[in-house]
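Me: Please take a close look at a single part of this model, and set out its overall form, its contacts with its partner and any unusual backbone geometry. I would like the cut-offs behind each term as well.

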Amino acid sequence: MSGHSLIPAPIAELPWRMLALVIFITFFGLLVLYSAAGGRLMPWALPQGARFLVFLVMAIAMSRVRPERLKEIAFPAYGAVLLLLLLVEALGFVGKGAQRWLSLGVVNLQPSELMKPVIILALARFYDLLPVGELRRWSAIWPAALLLGIPAMFILVQPDLGTAVMVVVGGVTVMFLAGLPLRLFLGGAAFLGIAGPVAFSFLHQYQRQRILIFLDPESDPRGAGYHISQSKIAIGSGGLFGKGFLNGTQSHLQYLPENHTDFIFATMAEEWGLAGGIVLILAYALVIKWGIGVALDAKDRFSRLTAAGLTTTIFFYVAINLLMVMGLAPVVGIPLPLVSYGGSAMLTVMLCLGVLMSIDRNTRRRSRGL
Amino acid sequence: MKKRGKPVLTENTQAFSFTRRAMVLGAGQGVLATALGVRMGWLAIAENEHYKLLAESNRVQERLIPPRRGWIVDRFNQPIAINRSSFRVDLIPDRMEKDPARVLAELTELLALTPDDVQRIREGLANAAGYQPVPVAENIPYDKYAAVTVRLAELPGVAPLRSFARFYPEGPAVAHLVGYVGTPSKEEYQAETRNPLLIAPGFKVGKDELERTMEHRLRGQPGAQRIEVTAHGKLVRELSTLPDRSGGMLPLTIDIGLHSYAARRLGDESGSIVVVDCQNGDILAMASMPAYDPNNFSDGISHHEWDMMAADERHPMINKVMQGLYPSGSTIKPLMSLAFLEAGLNPATKVTCTGAYRVGNAIFHCDKHHGPVDMHEAIIKSCDIYFYHTSLQAGAEIISSMARRLGFGQKFDLPVPTQRFGTVPDPQWMERKYHRKWEMYDTINMSIGQGNVLVNPLQLAMMAARIASGKALQPRILRAGHYPEPPALPVSAEHLAFVRDAMSGVVNSGRGTASIAKLPIDNVLLAGKTGTAQVRRITMAERNSGGVRSNASLAWKMRDHSLFVGFAPADKPRYACAVIVEHGGWGASVAAPACRDVLTYLFDKQKAMAALAPLEEQWGGSIAERLARRREKWQAARAAPKNDSDEPPPPTRA
């Protein structure tokens, strides 16, 4: 369909439908940030827009990288990010009660964020290397468990429960798709059901508190349940079409905490209502559907697992955040990718999309080549 | 190597398994996305109303605007209690978060609070019901108010407010007339079924006297203001305002000029002066001194100031006009004469006074040897022997009946919180109260207003007014448009004229006990009667050892009460007056001149003021100045190491 048009082939070849959705989501997010700042571009909307442009160019550039290259750098990249995680432990400073950031001069780097796509690449690479016959063996499990467990532990002790859960869930998804026996997962789920309460007792006080309050937010509406209560009030009071752009009271009068970061969906829902929420969820769903499509079309194991794993990472980002703001999951500090203000989550998602585009491009080139 | 019991895995089966599992994963994701949509729909549609309400109650706060309290004015609409615009600072204990000590320390510095204030605020915080504001400072200058306002963000729980403060221009002079206002107590808040107005910062209720009893008329209707606030309590904008309706004006029968003059004329004495209009019973003045400053009390007073008041033996906290009970002493004698006349006794009959009167084996004394006296002379010279003797002929019943008709023992229909109405003894009362028979000496004691006779100053004034007017007057303090004509007093007009004439003789004959009380006004004569009420028993031993001790040689609390009742003009009575000076000594020496000056004020203000000026100079300034000096002295004494001479200085004499 390209080739003969006026637009140069490399640009025409891009998956524009998906990119249009991503640009739409981000632009919608910029509108919400503009409103959350009281109808001003600063301090959030403008930097966020600029950052997005940089990351978009980066993602498009990544789409030119061949999956074979990615395959080669999977393990080194994993090693590098793991090292950064260690550095955070050693040098990281305490911010918001957690050691997560590594200050690199102008940029604050959050290595746990990078670990989300990198763990997918590493595990995909591992199962790519593993002979198919070995899949039912112990040797198909323990190296993967080790690859996954070490960074997960580091992130958990930071402490950042939300990211740790996302890294583990992303990794387990790759293991599941790689074809490990189903009983492993069923057994694992059963084990979690039993071990959960035991693990609960080892959690940090604030994490335990969050889970307890999630179960009954009204028990402490002025204290730790405040986030969830106010978020539900914002979403619920928005109604079908919302209170109108720039008219949200919960966010503008500061009743809603973190109204431009983790709880930005509630800020959006208050002003745009259920309609805005459905449109946003639908847009994310289409992006994820495209990602699953890329995975299903991919021709080799590494590409398949990587594409499916990265898509799942994006999905969990969105899903956990929405569950949280709607009061269906404890407050774990996961932002809404592309919409929440902040660079780390956006970088991760754009990295994921860049890799997905690269796999997509490779698949199409090969099918054209055949 | 283990043997494989499973189907052989190949690249193809693995790819197929991947597709299948990816589909499952995708389907799961689709289900979750749908669930999220449904959940959001539930929140935004099914529960929309509920959350809308919550968002609204977050956003909008109702703030009560306390109504301005109604003014209290005198008979000429001169202000007695008004409102002054003021800046104040309160603490809301509920909003103080975890560090009240730091907030209080900062306020202490910003507002220059005294240790007394800090102590009072601490106690307030400990006793407050959480939502109840604790007053920190009132009537503060604007710059201090502004200093608190700009630092509000760092001072959780601090509420600066522009409001109205009660102001009594005459200060202590009106304390026992109108009372004072104060922050509602926990009990008052609960008694009004938790009326939110009572916990509005700056709102005051009447705490005593008219401010308390007339609360319903003075309070007014609160206004309301709907405001939009941020989560941090910052005001965004006003949404709507319902204005307050201020309380009604309360016009009194009091002549505030006269009232203040009376209060000032009492000086440092403990006592009261009541002036009544003889035409209709209007109370023109009812001063009770010493008194607290209601302006200070309305701001919430410190513990120490309260202690100072409570420890004072002159009881500045008690309204002596309504609550002070005294033996009437000789002021009962005009009343007694009316009873004798009603009993049919001849006023011309003479009784010879030898200074002592024997009944059985008891001897009753008179202060002088008056010789033979008739009724007229007995009143003028206040001869006790005449009354001892004649009362035995009249009998106790007719005397008690006359006393009641003239207002003794009567509880008047007045809006005051407490009224002590004393005792008119008679044989039944004696039986009821002391389970004994009425004896002759009871009649004799009653004839000179001693023994069991107890009256309050208002009753004395009403007695004078009733004798003067011949009408059964009732005292009034609230001014109204229309009054019913008072009925005639059930006493013979002829008898009244006789007594009035004798009372004029007390002052004007030149032979009477109160010549000192002659009015310095041409053609206006004062009629009256002195009284000296004994508060201790004079023993035979004392009389034998060189005579009765002089008042000056006794401790203040042992001295006689000085009393005077009077009316003027003597021929056409217009004003009646009663003066009681506790432990003032001779009725003629202290109470009578006070009555003279107060009544002079009604006829010639300048002359009255001229008489007061040298007295006030001698006492050491105005009431407020003397009160301030006393407060300083008290604080200095408290700060100094305790010694045993805590007695206040003896009262200065006019």
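Reply: What follows is an account of chain B, from its overall form to individual residues.

The model is predicted, so local features are reported only at pLDDT of at least 70 and side-chain atom pairs only at pLDDT 80 or more, while totals for chains, interfaces and linings use all residues. Residues are numbered from 1 along each chain as its sequence is written, chains are lettered from A and ligands numbered from 1 in the order in which they are written, and side-chain values use heavy atoms, with hydrogens and water left out.

The secondary structure of chain B consists of 25 helices and 21 strands, where helices (H or I, at least four residues) and strands (E, at least two) are DSSP runs numbered from the N terminus. Chain B is more spread out than a compact globule, because its radius of gyration is 36 Å, well over the 26 Å that the globule rule gives for 654 residues; the radius is taken over C-alpha atoms, and the rule is 2.2 Å times the number of residues to the power 0.38. The C-alpha trace of chain B spans about 150 × 60 × 55 Å along its principal axes.

Of the 654 residues of chain B, 53% count as buried, a term that means under 20% relative accessible area, with exposed set at over 50% and partly exposed in between (1.4 Å probe, protein chains only). Among the contacts in chain B with a separation of 6 or more, 74% come from residues 24 or more positions apart, contact meaning heavy atoms within 4.5 Å. The surface that chain B exposes comes to about 29800 Å², with carbon and sulfur atoms supplying 54% of it; accessible areas come from the Shrake-Rupley method with a 1.4 Å probe, and for residues only the protein chains shown count as cover. Chain B carries 79 positive and 68 negative side chains, and the centres of these two sets lie 5 Å apart, with Lys and Arg counted as positive, Asp and Glu as negative, and His and the chain ends not counted. Each charge is placed at NZ of Lys, CZ of Arg, CG of Asp or CD of Glu.

Turning to the partner, 40 residues of chain B are in contact with 54 residues of chain A. Between them the two chains bury about 4100 Å², 69% of it on carbon and sulfur atoms, buried area being the accessible area (1.4 Å probe) that two parts lose on being put together, summed over both. On the chain B side, Phe18(B), Arg21(B) and Met40(B) lose the most area to chain A, together 19% of what that side buries.

The backbone geometry deserves a separate look, since most residues other than glycine have a negative phi, and most peptide bonds are trans. The bond from Met289(B) to Pro290(B) is cis, with omega near -5 degrees, and Pro290(B) is found in the loop between strand S14 (283-289) and helix H11 (294-298). A cis bond also runs from Ala568(B) to Pro569(B), with omega near -10 degrees, and Pro569(B) is found in the loop between strand S20 (561-568) and strand S21 (575-581).

Asn77(B), which is not a glycine, has a positive phi of about 60 degrees; Asn77(B) is in the loop between strand S2 (72-73) and strand S3 (79-91) and is partly exposed, with a relative accessible area of 48%. His583(B), also not a glycine, has a positive phi of about 50 degrees; His583(B) is in the loop between S21 and helix H23 (587-603) and is buried, with a relative accessible area of 7%.
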